[in-house]
Amino acid sequence: MKINWFPGHMTKALRMIEVELKLADIIFYCLDARAPMSSLNPSLQKLFGNKPFVFILNKIDLADEKITKQWQEYFNKIGTCVLVHATKTNSAKVLQTTAMKICDEKLKRQKEKGITKPIRAIVVGVPNSGKSTIINNLCGRGAAITGNKPGVTRGKQWVRVSPGFEVLDTPGTLWPDFEVQAVGENLALVGSIKDDVVNLEELVIVLKNRIGAAPLEARYGASDIEAIAKKRGFLLSGGVPDIARATKTVVDDFRSGKLGLFTLEQPK
Ligand code: GDP
């Protein structure tokens, strides 16, 4: 499936991140647990320099638990990897402890010099991976605006979690890796690429190839999109099946875990 997203829009975001990164002590690299590899962004990673970073596998409640463990092992070999379910109260708190631990030496050095500066963590990652939700979770209040829409631009502001810890949300960034088609497909499936640049009917076929027909059969009593539309009573005038509505339903049901818990890729 060919997806045309607009990397130009991402350049601005990357530039902003580059500036803000200079102020950060640590990077929270937010990945969607259902597509961790596809969530990686080499052009973003280039900006990390020598800053410490933590891989966050977020939305673990929607992913296959066994494969999540495999991914955690995989990322732990490269750095530190933390599992998060950001919509669950206090689930992201572990990130503060992790950041403080990683920045322990820095804190000690600062203390020796009599400097009292908070540790600053910048949250980066693909759109819709849960960056704002993680910040809200850390703050325990509605400090950042969240929405289930990729690429929503938000004002940038360091948010104080505690006197010694601050976080910054950043706009989502994508990497147009056109060579690997599956990357774009996975990102579209998890909602990181806007639906209006995706052919949803084709996306349902991709989904069926990834997870098989059984989960669709189980939920709708059919796996063919026309049959699903009929079973659901999604009909246009003259009894024509409403394919658009059926495809949207299937994609939404996958994204919200109603078709089951799936991870779209496994560590090699
Ligand atoms: P951002 O674009 O990376 O800032 O993503 P948001 O924080 O706006 O989250 C996108 C959508 O994913 C929102 O509808 C969130 O409620 C949802 N979301 C975030 N984290 C989780 C999670 O751990 N589990 C589930 N099920 N949904 C999540």
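## Close-up views of a predicted model

**Figure 1. The whole chain, seen as a predicted model.** With 268 residues, a compact globule would have a radius of gyration near 18 Å, and the chain, at 20 Å, agrees with that. Along its principal axes, the C-alpha trace spans about 75 × 35 × 35 Å. As you trace the chain, you will meet 11 helices and 6 strands. Among contacts with a separation of 6 or more, 72% join residues that are 24 or more positions apart.

**Figure 2. Inside and outside of the chain.** How much of the chain is buried? Buried residues make up 50% of the 268 residues. On the outside, the chain exposes about 13400 Å², and carbon and sulfur atoms supply 52% of this area. Charges are part of the picture too: the chain has 39 positive and 27 negative ones, and their mean positions lie 7 Å apart.

**Figure 3. Helix H4 and its two sides.** Let's zoom in on helix H4, which covers residues 93–102 and has Leu95, Gln96, Thr98 and Ala99 as buried residues. Seen down the helix axis, these buried residues fall within an arc of 165°, so they line one face of H4. Which exposed residues sit on the face turned away from the buried side? They are Thr97 and Lys101. The buried residues of H4 pack against several partners: strands E1 (26–32), E2 (53–58), E3 (80–84), E5 (158–162) and E6 (165–169), together with helix H6 (131–139).

**Figure 4. Lys111 in helix H5.** Look for Lys111 in helix H5, which runs over residues 104–112. Is Lys111 buried or exposed? Its relative accessibility is 69%, and exposed means over 50%, so Lys111 counts as exposed. Now find Arg210, which is 99 residues from Lys111 along the chain; the C-alpha atoms of the two are separated by 52 Å.

**Figure 5. Two asparagines with positive phi.** Most residues other than glycine have a negative phi. Asn90 has a positive phi, near 70°, and Asn128 also has a positive phi, near 70°. Where are they? Asn90 is in the loop between E3 and H4, while Asn128 is in the loop between strand E4 (119–125) and H6. Asn90 is partly exposed, with a relative accessible area of 48%. Asn128, at 12% relative accessibility, counts as buried, because the cut-off for buried is under 20%.

Note on methods:
Residues are numbered from 1 along each chain as its sequence is written. This is a predicted model: local features need pLDDT of at least 70, side-chain atom pairs count only at pLDDT 80 or more; totals for chains, interfaces and linings use all residues. Side-chain values use heavy atoms; hydrogens and water are left out. Helices (H or I, at least four residues) and strands (E, at least two) are DSSP runs, numbered from the N terminus. The radius of gyration is taken over C-alpha atoms; the globule rule is 2.2 Å times the number of residues to the power 0.38. Buried means under 20% relative accessible area, exposed over 50%, partly exposed in between (1.4 Å probe, protein chains only). Contact means heavy atoms within 4.5 Å. Accessible areas come from the Shrake-Rupley method with a 1.4 Å probe; for residues, only the protein chains shown count as cover. Lys and Arg count as positive and Asp and Glu as negative; His and the chain ends are not counted. The place of a charge is taken as NZ of Lys, CZ of Arg, CG of Asp or CD of Glu. The arc is that of the directions from the helix axis to the C-beta atoms.
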